[in-house]
Amino acid sequence: MKPVPIPIEAARGIAVCYGYDQVVIIARKVGDSGGEHCTTYGVDKANCDVAARIGDFLKYKVMGWVKE
C-alpha cells in the first residue's frame, strides 16, 4: 500500500480523544514505496503555531528534510 498524507482531522481526533492541546504525527514508510509525512494540530491559533514549529524542527533539523 502506498502511503497517503495523514489528514489534520486525524490529529484533531487524537487531541480530542486523549485531551491534548498539541499533536505532532511523524509517519514513515520504509522500503521501495517509502516516504515520510508530518501532520500537526493545535486546539487554537497559539497551540497550532507551536505544533507547526515543532513539526518543522523535527522535519528539517532531525530528519533532514530539504526545504523547497
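**Surface, cysteines and rings in a small α-β-β-α chain**

Cys48 is partly exposed, with 33% of its relative area accessible. That's a handy place to start on this model, which is predicted. The sulfur of Cys48 has its closest cysteine sulfur in Cys38, but the gap is 12 Å, too far for a bond. A disulfide needs the two sulfur atoms within 2.5 Å, so this pair doesn't make the cut. Across the structure, the disulfide count by this rule comes to 0. Another cysteine, Cys17, counts as exposed because its relative accessibility is 57%, and the bar for exposed is over 50%.

Now for the overall layout. The chain has 2 helices and 2 strands, and reading from the N terminus they come in the order α-β-β-α. Its C-alpha atoms fill a box of roughly 35 × 25 × 15 Å along the principal axes. Of the 68 residues in the chain, 18% are buried.

Out on the surface, Ile14, Tyr18 and Tyr20 together make a nonpolar patch of about 360 Å². Ile14 belongs to helix α1, which covers residues 8–18. With a relative accessible area of 34%, Ile14 is partly exposed, and that value clears the over 30% needed to join a patch.

What about the aromatic rings? A search of the whole structure turns up 0 aromatic pairs. The ring of Tyr60 does have a charge over it, though: the charged end of Lys67 sits there, 4.9 Å from the ring centre.

Methods
Residues numbered from 1 in each chain as written. Predicted model: local features only at pLDDT ≥ 70, side-chain atom pairs only at ≥ 80, totals over all residues. Heavy atoms only, no water. Phe/Tyr/Trp six-rings, centres within 6.5 Å; stacked < 30°, edge-to-face > 60°. Lys NZ or Arg CZ within 6 Å of the ring centre and 35° of its normal. Buried < 20%, exposed > 50% of the residue type's maximum accessible area, 1.4 Å probe, protein only. Patch = residues over 30% accessible without salt bridge, like charges linked within 9 Å, V, L, I, M, F, W, Y side chains within 5 Å. Areas by Shrake-Rupley, 256 points an atom, 1.4 Å probe, with all protein chains shown as cover. Salt bridge = Lys/Arg side-chain N within 4 Å of Asp/Glu carboxyl O. Helix = DSSP H or I, 4+ residues; strand = E, 2+ residues; numbered from the N terminus.
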